[in-house]
Amino acid sequence: MSTARGPRFARKHPRALAAVLTVVGYVVVVGTVYGGSGVYPEISESTVDVLAHAIAVVNTATIGCLLAGIYWIKNDEVEKHRKAMLTAFALILLFLVMYLLKTGGGGRKEIVAGAPLRGLYLGSLGIHIVLSVLSVPFVLYAITLGLTHTPAELRETAHARVGRIAATAWLVSLVLGIAAYLMLTFYYAPEQIEFVRGMA
């Protein structure tokens with residue numbers, strides 16, 4: 001009986017579970033970026049670059065999954081939609097692991113003051129970060145509902161409405177994040193980029 005308590009709680013209290021997981025996620029990310037916990041292995045700048053490229057690939061694949069999931073649910077292909085969204089969620093967890101390792105163990109690259117289009121880059125990055133933060137509880141809530149309810153039951157929940165908010169914020173965030181990555185990787189010259197070592 002005890003093994004069913006987790007799923008039962010998630011089914012009865014999806015908002016509470018999403019809220020708890022959101023707070024835990026925020027604490028882990030903020031602690032990694034600003035806390036200097038020292039739990040991550042130190043990695044080189046070249047490894048940071050490799051992880052940045054890998055993250056861009058993962059995020060591009062996530063966009064593809066989200067668009068496919070939206071297409072399939074609009075065509076009432078529920079099972080395909082479910083698989084696409086769960087794949088997108090798995091990819092974002094993979095992104096999170098790579099991001100934490102890259103930032104906590106290595107660092108990040110920033111555009112130096114005076115570089116051309118720095119404002120555009122920072123603006124894209126800022127909106128990307130804000131939407132990433134805001135989308136987390138919506139994504140977790142929609143995923144929790146989807147995993148704990150049948151398709152028929154989901155029609156009686158806020159899954160569709162919350163899912164639209166989650167997918168929209170998530171998609172825009174991913175697109176802007178990739179745009180910032182492309183600018184950082186292919187537009188700016190090496191002397192316009194500063195590597196900031198992680199605080200871990």
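## Helices, strands and the loop they leave

Helices here are DSSP runs of H or I with at least four residues, strands are DSSP runs of E with at least two, and both are numbered from the N terminus. With that in hand, we can place leucine 117: this residue sits in the loop between strand E1 (107-111) and H5. One thing to keep in mind as you look around is that this is a predicted model.

## The chain as a whole

Let's start with the overall picture. The chain has seven helices and two strands. If you walk along the sequence, these elements come in the pattern α-α-α-α-β-α-α-α-β. Put a box around the C-alpha atoms along the principal axes, and it works out at roughly 55 × 40 × 25 Å.

How much of the chain is buried? Of its 200 residues, 36% are buried. The chain exposes about 11,400 Å², and 69% of that comes from carbon and sulfur atoms. Now take the contacts between residues at least 6 apart in sequence: 82% of these join residues at least 24 apart.

## H3 meets H7

Which residues bring H3 and H7 into contact? On the H3 (45-74) side, they are Ala52, His53, Ala56, Asn59, Thr60, Thr62, Ile63, Leu66, Leu67 and Ile70, and on the H7 side they are Ala167, Trp170, Leu171, Leu174, Val175, Ile178, Tyr181 and Thr185. Sorted by class, the residues of this contact are 13 nonpolar, five polar and no charged.

As for the geometry, the axes of H3 and H7 come within 10 Å and cross at roughly 150°. Angles over 145 degrees count as roughly antiparallel, so H3 and H7 are roughly antiparallel to each other. H3 passes H7 in a left-handed crossing.

Leucine 182 is another residue of H7 (residues 159-187) to look up. With a relative accessible area of 39%, leucine 182 is partly exposed. Leucine 182 and alanine 56 are 126 residues apart in sequence, yet from C-alpha to C-alpha they are 8.8 Å apart in space.

## H4 meets H5

Next up is the pair made by helix H4 (residues 78-105) and helix H5 (residues 118-148), whose axes come within 11 Å and cross at roughly 135°. H4 and H5 are therefore oblique to each other. The crossing in which H4 passes H5 is left-handed.

The H4 side of the contact is Arg82, Met85, Leu86 and Phe89, while H5 brings Val139, Leu140, Ile143, Gly146 and Leu147. By class, that gives seven nonpolar, one polar and one charged residues in the contact of H4 with H5.

## Two residues with positive phi

Here's a bit of backbone background: most residues other than glycine have a negative phi. Aspartate 76 is not a glycine, but its phi is positive, at about 60°. You'll find aspartate 76 in the loop between helix H3 (45-74) and H4.

Is aspartate 76 buried or exposed? Aspartate 76 has a relative accessible area of 58%, and over 50% counts as exposed, so aspartate 76 is exposed.

Leucine 117, the loop residue from the start, also isn't a glycine, and its phi is a positive value near 60°. The relative accessible area of leucine 117 is 44%, which means that leucine 117 is partly exposed.

Note on methods. Residues numbered from 1 in each chain as written. Predicted model: local features only at pLDDT ≥ 70, side-chain atom pairs only at ≥ 80, totals over all residues. Heavy atoms only, no water. Axes fitted to C-alpha atoms, helices over the stretch in contact; angles between N-to-C directions. Parallel < 35°, antiparallel > 145°, perpendicular 65-115°, else oblique. Left-handed = near helix turned anticlockwise from the far one by under 90°. Contact = heavy atoms within 4.5 Å. Nonpolar A, V, L, I, M, F, W, Y, C, P; charged D, E, K, R; others polar. Buried < 20%, exposed > 50% of the residue type's maximum accessible area, 1.4 Å probe, protein only. Areas by Shrake-Rupley, 256 points an atom, 1.4 Å probe, with all protein chains shown as cover.
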